[in-house]
Amino acid sequence: MWSWVAHRVTGVLIFFFLLVHILDTALVRVSPEAYNAVIGTYQTPIMGLGEAGLVAAIVFHAFNGIRVILVDFWAKGPKYQKAMLWVVVGLFVVTMAGFLPRHLMNVFGGGH
């Protein structure tokens, strides 16, 4: 059940990110100065942590989405759904372990 909840929550978070992204990108046509000001606020450590959260949401949502497809459309999917969830968790951990150190070094100034 928790993977179901996490899949929905990450989907909603990704949707809201895309909505904000479209709106802030559209600002460049209205006012380049306002666009530059908004983009400037994104270059803070808090937003860097938010980017890490966004990547985590996308990675989990993508891997779990593949699992959901397999459970729904593969005859043996329901039988192996719990094992596939552990595969999703493992892939998530490996992917984030590869991404987070470098990203956090860039966010906190160690990646110059």
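In this predicted model, Asn64 lies in helix H3, which covers residues 45-73. The relative accessible area of Asn64 is 0%, so the residue is buried. Beyond the residues up to four places away in sequence, Asn64 touches Ser3, His7, Leu85 and Val88. One of these partners, Leu85, belongs to helix H4.

Leu85 is partly exposed, at a relative accessible area of 23%. The cut-off for buried is under 20%, so Leu85, at 23%, does not count as buried. With neighbours within four places in sequence set aside, Leu85 is in contact with Ser3, Asn64 and Arg67. Ser3 thus appears in the contacts of Leu85 and in those of Asn64. Elsewhere the separation is wide in sequence: Leu85 and Val20 are 65 residues apart along the chain. Their C-alpha atoms are separated by 30 Å.

Helix H3 was then examined as a whole. The helix has 29 residues, and at 1.5 Å a residue it should span 42 Å. The C-alpha atoms at its ends are 42 Å apart, so the expected and modelled spans agree. The buried residues of H3 are Gly48, Ala52, Leu54, Ala56, Ala57, Val59, Phe60, Asn64, Gly65 and Arg67. These buried residues pack against H1 and H4. The contacts of Asn64 include Leu85, a residue of H4. An α-helix has 3.6 residues a turn, so residues three or four places apart point the same way. Among the buried positions of H3 are Ala52, Ala56 and Phe60.

Arg67 is buried in H3 and is also a contact of Leu85. Arg67 and Ala83 are 16 residues apart in sequence. In space, their C-alpha atoms are 9.9 Å apart. Ala83 is located in helix H4, which runs over residues 81-107. A relative accessible area of 42% makes Ala83 partly exposed.

Aromatic pairing was considered next. A pair of aromatic rings is described by the distance of the centres and the angle of the planes. The structure holds three aromatic pairs. In one of them, the ring centres of Phe60 and Phe92 are 6.4 Å apart. Their planes stand at 85°, so the pair is edge-to-face. This pair links distant parts of the chain, with Phe60 in helix H3 and Phe92 in helix H4. The two residues are 32 residues apart. Phe60 is buried, with a relative accessible area of 14%. Phe92 is partly exposed, at 24%.

Trp74 and Tyr80 form an aromatic pair of the stacked kind. Their rings are 5.7 Å apart, centre to centre, with 20° between the planes. Planes under 30 degrees apart count as stacked, so the 20° angle places Trp74 and Tyr80 in that class. Trp74 is partly exposed, with a relative accessible area of 39%. Tyr80 is likewise partly exposed, at 33% relative accessibility.

The surface carries a nonpolar patch formed by Val12, Phe15, Phe16, Leu19 and Leu23. Together these residues have about 500 Å² of accessible area. Phe15 sits in helix H1, spanning residues 2-30. At 52% relative accessibility, Phe15 counts as exposed. The cut-off for exposed is over 50%, so Phe15 falls in that class at 52%.

Pro32 is part of helix H2, which comprises residues 32-41. The relative accessibility of Pro32 is 41%, so this residue counts as partly exposed. Pro32 and Ala62 are 30 residues apart along the chain. Their C-alpha atoms are separated by 34 Å.

Methods. Residues are numbered from 1 along each chain as its sequence is written. This is a predicted model: local features need pLDDT of at least 70, side-chain atom pairs count only at pLDDT 80 or more; totals for chains, interfaces and linings use all residues. Side-chain values use heavy atoms; hydrogens and water are left out. Helices (H or I, at least four residues) and strands (E, at least two) are DSSP runs, numbered from the N terminus. Buried means under 20% relative accessible area, exposed over 50%, partly exposed in between (1.4 Å probe, protein chains only). Contact means heavy atoms within 4.5 Å. Rings of Phe, Tyr and Trp (its six-membered ring) pair if their centres lie within 6.5 Å; planes under 30 degrees apart count as stacked, over 60 as edge-to-face and the rest as tilted. Patches are made of residues with over 30% relative accessible area and no salt bridge: like charges are joined within 9 Å, nonpolar side chains (Val, Leu, Ile, Met, Phe, Trp, Tyr) within 5 Å. Accessible areas come from the Shrake-Rupley method with a 1.4 Å probe; for residues, only the protein chains shown count as cover. A salt bridge is a side-chain nitrogen of Lys or Arg within 4 Å of a carboxyl oxygen of Asp or Glu. The expected span of a helix is 1.5 Å times one less than its number of residues.
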